[in-house]
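Reader: I would like a close look at a single part of this structure, taken step by step and with its neighbours brought in where they matter. Which elements make up that part, and how are they arranged?

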Amino acid sequence: MAQLVEQEKQVSPRLAHYLAEYRRSLEQAAPQPRWVALARESAIAQFEGLGFPTTKIEQWRFTSVEPIAERTFALAAGSAAQAAPLAQPLSNPIAHGVCVNGRFAPQLSSNLDKLPKGVQVIGLEAALVSQPSLVEPYLAKLSLTQTSAFTSLNTAFLRDGVVVVIPAHVVVEQPIEITFASISEGSGSVSHPRLLIVAGEASQATVLERHVGQGAAFTNAVAEVWLGASAVVDHYKLQEEAAEAFHIAGMFLHAARGGTFSSHSLTFGGRLVRNDVIATLDGEGIDCTLNGLYVGRGTQLIDNHTTIDHAKPHCGSHEVYKGILGDQSRAVFNGKIIVRPDAQKTDAKQTNKALLLSDEANINSKPELEIFANDVKCTHGAAIGQLDDAAMFYLRSRGLGVAESRAMLVHAFAGDILNRVKIEPVRTYLEGILTARLPHVE
Amino acid sequence: MLEIKNLQVRGGTKDILRGINLTVNKGEVHAIMGPNGSGKSTLARALAGHPEIEVTGGTVTYNGKDLLELSPEDRAREGVFMAFQYPVEIPGVNNAYFLKAAINAQRKYRGLPELDAMEFMALVKEKAKILHLDPSLMSRPVNEGFSGGEKKRNEIFQMAVLEPKLAVLDETDSGLDIDALKAVAEGVNEMRSPERAIVVITHYQRLLNYIEPDVVHVLQDGRIVRSGGKDLALHLEEKGYGWIEAEPQLM
């Protein structure tokens, strides 16, 4: 019996590696505010308690993270110079912040001093030193309430990242672009980038969060977005990391009364990708739009889990995710909508559509509605299909080649998501990579 | 221009075309008539290269080339056009964008310079005027939400823009009211030229009041059972298809 207790106390070697890395990171990092240290401590304990998720857990049923769990990723150090060619701005931004392997890289960033008065795009580590009171009310406040091993792991290694602050009543018209470059070191390294966006009351901004990388890097990203009352934020997450990369990301939104938030999740890169979007509509009259486009080829696995939590009355949410899957790629879509007892007059609409370009591609799509109010409108729909043979023949009969016809139909499928991308250079860029990355068809 | 010899096509376990022989010279308009299920649409689809058509015998020579060897897109690029009986709706693909891509794919194949946006729009305006087509159709998705008549007119419009050498119209008249039928016929007549051959496939003689064919063929049970001048169509209208069966043609 005593022996058994002894065994239970033992930590699996997989977790032990991260615990050791955690202790190592504590020794290396500059002193942090006490509340940060406490948040990290509770996060590592949470991670140790949870361990890596298995497919026995409902939210991970179709996505095995074994390829991540079985590897020993060292904490990446990051060389900014190496990332320079990858970290060019895309959106003609007003300011461009760059993070390399989770560390803010001022030398690669540009125009941070050109922002309107009060608007800040700064490194998180620097912010914790120079203005901790600015970030303390927000940082890790959303993410810590979640029971995700990966989010906990990110918080446990919290050190640096990017903070975007839009003061109340300030309107930033041009996009703010943040590039996260993940460069794999040695036989594979992990980074835990962190993004914090705080949009004050009645402010407006567009933020492009772009993930690029090299090699079999493991990016474990967390973004927290605080949307003030009547604020308007357009958030774009464009992920085009290397084909060998692992990408796990959580985005947490807290929206206040009358806010308008739209998210555009655009996934192209990575071998194993998981995006969690968790939006809490915590005030009346919030409008939340979640757009998603994911393109898989080869043996990519792309998993999108979204949760929209209607906590207060009179909020609307509109969600459209579309996937284009070729070769042996796989995708998972799980869209959860919670309507709390208080949240009368909720109007929620969710759609997931997938286009399978090969017999071996597949998707598991699932809506999950938890409705506790009685005067609400909630609709959901999923459609999975192949390219329309009749349409293919019609286009070819007019002289368009197979590849051209296919591209035309795929673009048409993705069209409504692309058309909602309001940053023009980004939309043009996306049309280009959609064509370039078009999965093969037998 | 087009020489079909002993063409045989199977659909499932059934022989649909059982030895079609047909020669169409440039400048000619041929009408192919026949009852439902006689194989009319199968013939059109075989000429356009529909992937579900299984040719089990015979040859089709088009301008000296083996047409059956060509992919559907290469047939189009060589100048073959089929107006669909049921034009396909393609949501999300803009009509003008599609047609510009199509004409430029064909021009590229023929070694001609591609049309730029200005040149293309000028061409479209000219052709739309001839066909009395509402130009706003161009900015809508291909056939999506079009009425039956609009779809058929859009087919003829595409034909006018693409200017094929051989046009095959598969029951373009079906389901059209008299105004739409006249408009379609007018469009086809505009296209008549000494350099172009047109094959009109129809169930009814009505269309041939407006498009005067040089030759009329009757297709029955997968074979052309009778050929003649335009009067043949009138006889058919009067006496019905049963008349052919009752009076075998003297060869």
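Author: Two strands are taken to pair here if DSSP finds at least two bridges between them, and with that in hand the part to look at is the sheet of chain B, in what is a predicted model. This sheet is open and is formed by 6 strands in the order 6-9-10-3-11-12, with mixed pairing. Strand 6 (80–83) and strand 12 of chain B stand at its edges, and because each has a single partner strand, one side of each is left without a neighbour in the sheet. On average, and with direction ignored, neighbouring strands of this sheet are turned by 20° against each other.

Strand 11 of chain B, residues 215–220, shows both kinds of pairing. Towards strand 3 (residues 29–33) of chain B the run is parallel, with 4 bridges joining the two; within this pair, B:A31 has B:V216 as its bridge partner in strand 11, while B:I32 stands opposite B:H217. Towards strand 12 (residues 223–228) of chain B, strand 11 is joined by 5 bridges and the run is antiparallel, and here B:V218 stands opposite B:R226. Strand 11 and strand 12 of chain B also form a hairpin with 2 residues between them, and in its turn B:D221 has a positive phi of about 55°.

At the other end of the strand order, the sheet has a helix against it. Helix 5 of chain B lies across strand 6 and strand 9 (166–170) of chain B, and runs at about 165° to strand 6. Helix 5, residues 148–162, is in turn accompanied by helix 3 (residues 95–109) of chain B, the axes of the two coming within 10 Å and crossing at roughly 35°. Helix 3 of chain B passes helix 5 of chain B in a right-handed crossing. On the side of helix 3 the contact is made by B:L99, B:A102, B:I103 and B:Q106, and on the side of helix 5 by B:Q158, B:V161 and B:L162. Sorted by class, this contact of helix 3 with helix 5 in chain B has 5 nonpolar and 2 polar residues, and no charged ones.

Read along its order, then, the sheet goes from strand 6, across which helix 5 of chain B lies, to strand 12, which stands at an edge and is joined to strand 11 in a hairpin.

Notes:
Residues numbered from 1 in each chain as written. Chains lettered and ligands numbered in written order. Predicted model: local features only at pLDDT ≥ 70, side-chain atom pairs only at ≥ 80, totals over all residues. Axes fitted to C-alpha atoms, helices over the stretch in contact; angles between N-to-C directions. Left-handed = near helix turned anticlockwise from the far one by under 90°. Contact = placed C-beta atoms within 7 Å. Nonpolar A, V, L, I, M, F, W, Y, C, P; charged D, E, K, R; others polar.
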